[in-house]
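Thanks, I will keep this short. Please have the sequence and the model open, and stop me if you lose the residue I am on.

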Amino acid sequence: MILAAGLGTRMRPLTDHTPKPLLRAGGKALIDYHIEKLAAAGVSDIVVNCSWLADQLDAYLAGVGRRLGLVIKVSREQTPLETAGGVVQALPLLCDGNFNDEPFLLINGDIWTDFDFATLIAKRPDAAHLVMIKNPDHNPLGDFGLSASGLVTEKTVVGDEASYTFSGISVWRPSVFSDFSAGKRALKPVMQTAMARAAVSGDLYEGNWWDIGTPERLAALDVYLKAQAGS
């Protein structure tokens, strides 16, 4: 599942008439990078949630699905439901109408990375597996602890734990969300509940990762990708 239902407020005026996932960098829409990497990893079914300018994104995804031979299902939200709320609404699509507890990938739509999604396909976490990164300038204190044994914990840097930033790339068991009622719900408290029972694993990724949260970061990514293409 690709999370793409945000309003893109911080990206205005770029998002006044274009949904954030369709903003372009390096000659492609941001969401294209995720979809193409997922297809290369062997993923054939993708769910994308959307809200702001949903018709545009829905039509675009239909074309991408035909071009790449993928099944792309859209979960529309009248108003953004936040991350966990969006997953709860999308569960029937993620489970193809028949609930099972096969893990699914969950990826923020407003990041760019060269992380290989194929490395997550075989993950079978108790609750979740999070890809962590070293703390970027805009989040210097990090989000969670990551122990030497590979458990993600609340951010208490003691012993063998270090503090890192959640990348927005994860693997989840559908059962984590199955008892939640519909409506707006943040993901962090869900993570913290699972961490409290030592059910969240993680690993550290030290490759390229960008949070595309502002027009300036989008412009910087565009410059970087064009330079990479020309090298």
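Start at L14, which contacts L23, P215 and L218 once its neighbours within four places in sequence are set aside. This is a predicted model, so please hear each value as computed from that prediction. L14 belongs to the loop between strand 1 and strand 2, the latter being residues 24–25. Its partner P215 lies 201 residues away along the chain, yet the two C-alpha atoms are separated by 7.5 Å. Is L14 buried, exposed or partly exposed? L14 counts as partly exposed, because its relative accessibility is 37%.

Next, A219. This residue sits in helix 5, residues 215–230. A219 has 43% relative accessibility, so it too is partly exposed. Measuring C-alpha to C-alpha is how I would put A219 and R66 in relation: they are 29 Å apart in space and 153 residues apart in sequence.

Now to strand 1, residues 2–3, where we find L3. With a relative accessibility of 13%, L3 falls under the 20% cut-off, so L3 counts as buried. What does L3 touch, not counting residues up to four places away in sequence? The list is N49, T83, L106, I107, N108 and G109. From L3 to W209 there are 206 residues in sequence and 17 Å in space, C-alpha to C-alpha.

On to the interior. The largest nonpolar core has 30 residues, and those touching the most other members are I35, L38, I46, V48, I72 and F117. Which elements supply at least two residues each? They are helix 1 (30–40), strand 4 (45–50), helix 2 (54–68), strand 6 (104–108), strand 8 (128–133) and strand 11 (162–172). Helix 2 contributes the most, at 4 residues.

I72 is a good place to look into that core. Apart from neighbours within four places in sequence, I72 contacts I35, I46, V48, L61, V64 and G65. There is also a second, separate core of 29 residues, with A90, F104, F177 and A199 among its members.

Helix 1 deserves a moment of its own. Its buried residues include L30, I31, D32, Y33 and H34, along with I35 and L38. Just after helix 1 comes G42, with a positive phi of about 100°.

Finally, the whole chain. The secondary structure amounts to 5 helices and 13 strands. The radius of gyration is 17 Å, close to the 17 Å from the globule rule for 231 residues, so the protein is as compact as a globular protein of that length. Along the principal axes, the C-alpha trace spans about 45 × 45 × 30 Å. Of the 231 residues, 48% count as buried.

How much of the contact set joins residues at least 24 apart? Taking contacts between residues at least 6 apart in sequence, the share is 72%. The exposed area is about 10,800 Å², with 53% of it supplied by carbon and sulfur atoms. As for charge, there are 21 positive and 26 negative charges, and their mean positions are 3 Å apart.

That is the tour. I will take questions with the model on screen.

Terms used:
Residues are numbered from 1 along each chain as its sequence is written. This is a predicted model: local features need pLDDT of at least 70, side-chain atom pairs count only at pLDDT 80 or more; totals for chains, interfaces and linings use all residues. Side-chain values use heavy atoms; hydrogens and water are left out. A nonpolar core is a set of buried Ala, Val, Leu, Ile, Met, Phe, Trp, Tyr and Cys residues joined through side-chain atoms within 4.5 Å. Buried means under 20% relative accessible area, exposed over 50%, partly exposed in between (1.4 Å probe, protein chains only). Contact means heavy atoms within 4.5 Å. The radius of gyration is taken over C-alpha atoms; the globule rule is 2.2 Å times the number of residues to the power 0.38. Accessible areas come from the Shrake-Rupley method with a 1.4 Å probe; for residues, only the protein chains shown count as cover. Lys and Arg count as positive and Asp and Glu as negative; His and the chain ends are not counted. The place of a charge is taken as NZ of Lys, CZ of Arg, CG of Asp or CD of Glu.
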